[in-house]
Amino acid sequence: AEKLIVQTEKLKLAGEIAAGVAHEIRNPMTVISGFIQMMNTDDQHPYQTYTKLIESELERINLIISEFLILAKPHVTKAKEFHIEKILQDVVLLFSPELNLRSILLKESWKARYAIVVGEQNQIKQVIINIVKNAIEALSNGGSLEISTDLETQGFVTIHIRDNGEGMTQEVVNQIFEPFFTTKTTGTGLGMMISQKIIQEHGGKILINSQLNKGTVVSILLPYTQSEKSASSS
Ligand code: ADP
Ligand code: MG
């Protein structure tokens with residue numbers, strides 16, 4: 001009987017990983033569709049502007065599959081130093097066609113220019129994409145999305161992703177990190193669970209502040225160090 005339980009658990013885990021991979025791949029695919037839509041309607045820019053970005057998103061799909069397999073393993077060992085704001089600005093660029101198409105106003109505020117995070121930047125990028133995507137999905141056309149960074153005294157860099165969309169009840173907030181918890185018809189409910197796992201593995205945390213019909217602020221706290229550049233010049 002014990003063996004049967006172990007096998008059932010393994011099957012369940014395999015299913016969760018498969019669903020997670022599908023979920024994460026849907027994100028770059030949405031971005032690719034956005035660029036293709038732009039190519040179909042935009043005759044002012046050379047198509048290479050878009051094909052290069054499509055190519056890099058296809059590379060991302062490849063990476064996501066391997067990264068997801070890393071996530072399924074107990075030890076993450078590919079830690080490197082990277083500028084956190086660079087990752088955020090990359091993600092902003094990825095979503096720009098979708099923001100344009102839906103007339104969503106983007107506000108940016110960068111206050112952590114020299115902050116360096118140690119970890120797997122592709123996983124952190126995945127977290128930002130998951131959270132920005134949720135914010136966009138909560139917005140109706142013409143809403144606003146705000147992305148900002150700040151440095152805390154406790155050695156944390158904070159990333160705030162704010163939307164003035166549908167917001168959440170306390171009951172929803174309480175379940176947001178549960179695997180497969182979703183209020184969407186096509187949602188998988190894995191994005192926030194995976195995001196929390198990744199941020200915790202980096203020594204950080206995710207905080208949710210939300211008000212129904214007013215909007216949501218998702219704050220990501222990550223330990224950081226300053227790059228040498230900030231010490232000499234600014
Ligand atoms: P999914 O997006 O597939 O539903 P997630 O794990 O990303 O799964 O999110 C879980 C749930 O949390 C969503 O279904 C939604 O109800 C809620 N949620 C997350 N982010 C927001 C947000 N910015 N605004 C409103 N609701 C949100
Ligand atoms: Mg989501």
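1. Let's start with helix H4 and its length. In this predicted model, H4 has 18 residues, and at 1.5 Å a residue they should span 26 Å. The C-alpha atoms at its two ends are 26 Å apart, so the expected and modelled lengths agree.

2. Which residues of H4 are buried? They are Gln123, Ile124, Lys125, Gln126, Val127, Ile128, Ile129, Asn130, Ile131, Val132, Asn134 and Ala135. As you step through the helix, please notice that this list includes Lys125 as well as residues such as Ile128 and Val132.

3. Asn122 also belongs to H4. Asn122 counts as partly exposed because 17 other C-beta atoms lie within 10 Å, and a buried residue would need 20 or more. Arg60 is a useful partner to look up here: Asn122 and Arg60 are 62 residues apart along the chain, yet their C-alpha atoms are separated by 8.6 Å.

4. Next, the largest nonpolar core. It holds 38 residues, and those that touch the most other members are Ile84, Ile128, Val132, Val157, Ile220 and Leu222. Two or more residues each come from helices H1 (2-41), H3 (84-101), H4 and H6, and from strands S3 (115-119), S4 (144-151), S5 (156-163) and S7 (215-223). Which element gives the largest share of this core? H4 does, with 7 residues.

5. Val132 is a good residue on which to centre your view of that core, since its name is among those with the most contacts to other members. Leaving aside residues up to four places away in sequence, Val132 touches Val91, Phe95 and Ile161.

6. Now to ligand 1. Of the 23 residues around it, Asn134, Ala138, Thr182, Gly187 and Gly191 come nearest. By type, the shell divides into 9 nonpolar, 11 polar and 3 charged residues. Helix H4 (121-138) and helix H6 (191-201) each supply at least two residues of this shell. H4 again gives the largest share, here 4 residues.

7. H6 deserves a look of its own. Its buried residues are Gly191, Met192, Met193, Ile194, Ser195, Ile198 and Ile199. Gly191 is thus buried in H6 and is also one of the residues that come nearest to ligand 1. After H6 comes Gly203, which has a positive phi, near 80°.

8. Strand S6 (residues 205-211) contains Ile208. Is Ile208 buried or partly exposed? Partly exposed, because 15 C-beta neighbours inside 10 Å fall short of the 20 needed for a buried residue. Not counting residues up to four places away in sequence, Ile208 touches Val173, Ile176 and Val218. For a sense of distance, Lys12 is 196 residues from Ile208 in sequence and 28 Å from it in space, C-alpha to C-alpha.

9. Strand S7 holds Val217. Val217 has 16 C-beta neighbours inside 10 Å and therefore counts as partly exposed. Apart from residues up to four places away in sequence, the contacts of Val217 are with His160, Arg162 and Asn209. Ile147 is 70 residues from Val217 along the chain, and their C-alpha atoms are separated by 9.7 Å.

10. Two loop residues are worth checking for their backbone angles. Asn213 sits in the loop between S6 and S7, and its phi is near 65°, a positive value in a residue other than glycine. Asn213 is exposed because 9 other C-beta atoms lie within 10 Å, and the limit for an exposed residue is 12 or fewer. Ser103, in the loop between H3 and strand S2 (105-109), also has a positive phi, near 50°. With 10 C-beta neighbours inside 10 Å, Ser103 therefore counts as exposed.

11. Stepping back, the protein has 7 helices and 8 strands. Of its 234 residues, 29% are buried. Among contacts between residues at least 6 apart in sequence, 73% join residues at least 24 apart.

12. Finally, how far to trust the coordinates. The mean pLDDT of the protein is 87, and 87% of its residues reach 70 or more. For the complex, the predictor gives an ipTM of 0.99 and a pTM of 0.76. Where pLDDT is low, the predicted coordinates should not be read in detail.

Conventions. Residues are numbered from 1 along each chain as its sequence is written. Chains are lettered from A and ligands numbered from 1 in the order in which they are written. This is a predicted model: local features need pLDDT of at least 70, side-chain atom pairs count only at pLDDT 80 or more; totals for chains, interfaces and linings use all residues. Two residues are in contact if their C-beta atoms, placed from the backbone, lie within 7 Å. A residue is near a molecule or strand if its C-beta atom, placed from the backbone, lies within 6 Å of it. Ala, Val, Leu, Ile, Met, Phe, Trp, Tyr, Cys and Pro count as nonpolar, Asp, Glu, Lys and Arg as charged, and the others, Gly among them, as polar. A nonpolar core is a set of buried Ala, Val, Leu, Ile, Met, Phe, Trp, Tyr and Cys residues joined through C-beta atoms within 7 Å. The expected span of a helix is 1.5 Å times one less than its number of residues. pLDDT is the predictor's confidence in each residue, from 0 to 100.
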